[in-house]
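Visitor: Please show me how to read a few features of a protein model.

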Amino acid sequence: MPDIHFPGHDKLVAALDTAVTSGDEHAITAALRNTLCAMIRDRDVHLPECVHEPIVDHYARREIYRSERHGYSVVAMTWGPGQGTPVHDHSGLWCVEGVWDGELEIVQYELLERDGERFRFRAAGGMHAGPGSAGSLIPPHEYHTIRNASEDAVAISLHIYKAPMECCSKFVPQSGEWFVRESSTLATDEAA
């Protein structure tokens with residue numbers, strides 16, 4: 001079970017444990033959004049040093065904690081300049097994402113129709129999220145992209161998943177609003 005120690009670790013975990021026992025998925029994600037915003041601003045909590053180091057050829061996914069009791073997973077993502085995701089889902093898992101440092105561009109997508117492995121999406125709104133902001137995804141409203149639009153700054157985000165997210169669907173653009181789904185196994189980068 002991943003459990004990387006860092007200043008404020010116990011405070012963060014205690015707050016997350018309280019939030020994930022709030023009720024149904026809507027109550028849990030609302031409580032986690034509030035908790036994550038508070039923890040990002042809390043001067044006692046400092047993420048491990050490794051999450052400040054980008055990886056040149058991909059955004060970094062470092063699982064820093066997994067709750068044995070509640071099952072949730074905490075993943076710190078480090079986004080180098082220009083790094084981002086394709087349109088993807090979260091394999092049916094709710095997730096709360098908070099920007100710890102830097103700024104991220106997040107675009108939500110609405111599924112308009114499906115034809116086998118072909119999906120028609122339309123961008124349904126985007127935002128630039130800065131430090132201390134958090135949002136949530138609850139299936140079936142889980143399709144989105146994330147990108148560090150900066151040309152020179154690193155961004156860091158913290159993601160709380162219902163359970164470890166080890167795979168997802170990525171959607172490759174075809175023509176117009178049509179995309180083809182590809183299954184993707186998600187690796188994690190070493191955290192220390």
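Visitor: Where does Arg-118 lie relative to Trp-178?

Guide: A charge counts as sitting over a ring if NZ of Lys or CZ of Arg is within 6 Å of the ring centre and within 35 degrees of the ring normal. Here Arg-118 is over the face of Trp-178, 4.1 Å from the ring centre. This is a predicted model, in which local features need pLDDT of at least 70, side-chain atom pairs count only at pLDDT 80 or more, and totals for chains, interfaces and linings use all residues. Residues are numbered from 1 along each chain as its sequence is written, and side-chain values use heavy atoms, with hydrogens and water left out.

Visitor: How many bridges join strand E5 to strand E6?

Guide: Strands (E, at least two residues) are DSSP runs numbered from the N terminus, and two of them pair if DSSP finds at least two bridges between them. E5 (residues 104-115) and E6 (residues 118-129) run antiparallel and are joined by eleven bridges. Ile-106, for one, has Met-127 in E6 as its bridge partner.

Visitor: Which aromatic pair is formed by Phe-171 and Tyr-143, stacked or edge-to-face?

Guide: Rings of Phe, Tyr and Trp (its six-membered ring) pair if their centres lie within 6.5 Å; planes under 30 degrees apart are stacked, over 60 edge-to-face, the rest tilted. The count is nine aromatic pairs. Phe-121 and Phe-171 have ring centres 5.0 Å apart and planes at 75°, so they are edge-to-face. Both are buried, meaning under 20% relative accessible area (exposed is over 50%, partly exposed in between; 1.4 Å probe, protein chains only). Tyr-143 and Phe-171 are also edge-to-face, at 5.7 Å and 80°.

Key:
Helices (H or I, at least four residues) and strands (E, at least two) are DSSP runs, numbered from the N terminus.
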